[in-house]
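I opened this notebook to record a short series of look-ups in one structure. Each entry gives what I looked up and what I found.

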Amino acid sequence: MKYYVSLPQVTILTMFPLVAETIYSPALPQIACAFSVTAEQAGQTISLYFIAFALGLVFWGRLCDHIGRRPTMLIGLATYGAASVSALVSPHFAILLGARLIAAFGAAVGSVCTQTMMRDTYTGADLAKCFSMMGIAIALSPAIGMACGATLVSWFGYRGVFAALAFLAVVLFFWAAARLPETKPLHVIKAPLGETLLMMLRDVAIWRTAVLVALFNLAVFGYYQLAPFEFERLGLSSAMFGISSVAIAFGVMLGSLLSRHLLQAGWTPEGLILLASVLAVMGGILVFIMASSWIFVLPVAVVMLAYGLAIPNILAIALSDYGDRTGTAGALLGLLYYLMLGGGLVCAAWSQNVELVLLSCGFAALTLALACYRQSRSS
């Protein structure tokens with residue numbers, strides 16, 4: 001008997017890793033001060049987070065195909081909760097960094113397991129529509145995380161953020177234990193990891209998907225990584241950084257809604273990805289022009305619109321040829337783009353230049369999207 005996962009539940013579980021990461025962003029200046037480390041070192045906790053996250057994707061994705069979706073989700077949430085408690089009581093920066101790495105490893109279950117369950121439950125056009133609907137909620141995740149993080153930092157300091165993350169993990173664990181079904185299809189095979197990896201490494205479409213996802217995410221998380229220090233440089237508080245999330249949330253929501261509308265109007269995913277890339281370049285140019293004032297947040301919303309427009313369409317057309325090994329293939333795809341994202345965030349932390357990051361991501365995405373669009377038109 002096939003069980004269908006609830007779209008609201010899987011959406012919230014998908015939002016969890018994004019909220020968990022961006023809620024931490026406003027605390028970076030306080031963490032740098034509390035542990036007597038530089039802004040670059042504090043920022044590296046985000047870049048290393050995504051590298052550990054990528055490794056977690058492989059582990060949890062493989063576990064999804066071996067023991068099932070539901071038990072995998074529960075183990076991952078428990079891992080994240082334990083790591084968040086460790087971060088809360090960390091007396092040294094090295095211990096905090098280790099706890100964040102384990103937390104990232106656990107949080108990866110919220111990405112790979114939920115996407116696997118979505119692909120178990122929906123196919124074709126239904127899957128594309130669901131990703132667009134989920135995109136609206138997922139789009140809110142960074143803004144919710146930033147707003148909550150700024151509030152918690154203002155009231156309770158950085159430790160309040162870690163306490164909230166531990167509480168979130170407990171709530172999600174018990175909710176999943178009570179309501180999350182098992183969706184693993186009977187035809188899923190325990191595909192050898194090496195065999196699947198070789199198949200995907202030879203697949204040009206997989207590489208294109210991975211790079212595009214990494215670039216759009218780098219634009220978003222590069223901003224979250226660098227903007228707190230940009231606001232500090234401009235003499236603005238962490239609360240103001242949280243308030244800026246309104247413009248960002250509006251941009252991502254508009255992108256997701258626009259994606260759904262244009263899909264219904266007959267646009268192809270490739271055409272929407274190209275449009276998103278053009279918007280990302282335009283937003284990056286405007287951020288460069290306005291970088292000396294707080295109003296640079298307004299064109300950042302254009303970059304976020306591009307993210308909301310692009311990501312649902314990229315993910316909806318990915319892995320269509322890997323239906324017999326969805327968990328493993330999804331994990332390896334996530335590993336590719338999160339390793340790229342982690343490397344990109346390391347470079348972003350070194351640069352400490354948000355406009356350079358946004359421009360670089362926009363132009364690189366535009367180059368790939370043009371090639372993808374031309375190929376789709378000729379086939």
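Entry 1, a loop residue. I began with Q352, which I located in the loop between helix 15 (326-351) and helix 16 (354-378). The model is a predicted one, and I kept this in mind for each entry. I then looked up the backbone of Q352 and found a positive phi of about 50°, although the residue is not a glycine. I noted for context that most residues other than glycine have a negative phi. Is Q352 buried or exposed, or in between? I found a relative accessible area of 28%, so Q352 is partly exposed. The reasoning rests on the cut-offs: buried means under 20%, exposed means over 50%, and partly exposed lies in between.

Entry 2, a second loop. I turned to A27, which lies in the loop between helix 1 and helix 2 (28-34). The relative accessibility of A27 is 0%, and therefore I entered this residue as buried. I also looked up a pair that is remote in sequence: A27 and L152 are 125 residues apart along the chain. Their C-alpha atoms are separated by 8.7 Å.

Entry 3, helix 1 and helix 8. Two packed helices are described by the angle between their axes and the distance between the axes. I looked up both values for helix 1 (residues 7-22) and helix 8 (residues 158-179), and found an angle of about 160° with the axes 12 Å apart. Helix 1 is therefore roughly antiparallel to helix 8. The crossing of helix 1 past helix 8 is left-handed.

Entry 4, helix 10 and helix 14. I repeated the look-up for helix 10 (residues 204-233) and helix 14 (residues 297-316), whose axes cross at roughly 155° and come within 10 Å. Because of that angle, helix 10 is roughly antiparallel to helix 14. I recorded the passage of helix 10 by helix 14 as a left-handed crossing.

Entry 5, the surface. Which residues form a nonpolar patch on the surface? I found I285, L286, F288, I289 and F363, with about 490 Å² of accessible area together. I then asked which helix supplies the largest share of the patch. That share, four residues, comes from helix 13 (residues 269-289). I checked one member, L286, which lies in helix 13. The relative accessible area of L286 is 33%, so I entered L286 as partly exposed.

Conventions
Residues numbered from 1 in each chain as written. Predicted model: local features only at pLDDT ≥ 70, side-chain atom pairs only at ≥ 80, totals over all residues. Heavy atoms only, no water. Patch = residues over 30% accessible without salt bridge, like charges linked within 9 Å, V, L, I, M, F, W, Y side chains within 5 Å. Areas by Shrake-Rupley, 256 points an atom, 1.4 Å probe, with all protein chains shown as cover. Salt bridge = Lys/Arg side-chain N within 4 Å of Asp/Glu carboxyl O. Helix = DSSP H or I, 4+ residues; strand = E, 2+ residues; numbered from the N terminus. Buried < 20%, exposed > 50% of the residue type's maximum accessible area, 1.4 Å probe, protein only. Axes fitted to C-alpha atoms, helices over the stretch in contact; angles between N-to-C directions. Parallel < 35°, antiparallel > 145°, perpendicular 65-115°, else oblique. Left-handed = near helix turned anticlockwise from the far one by under 90°.
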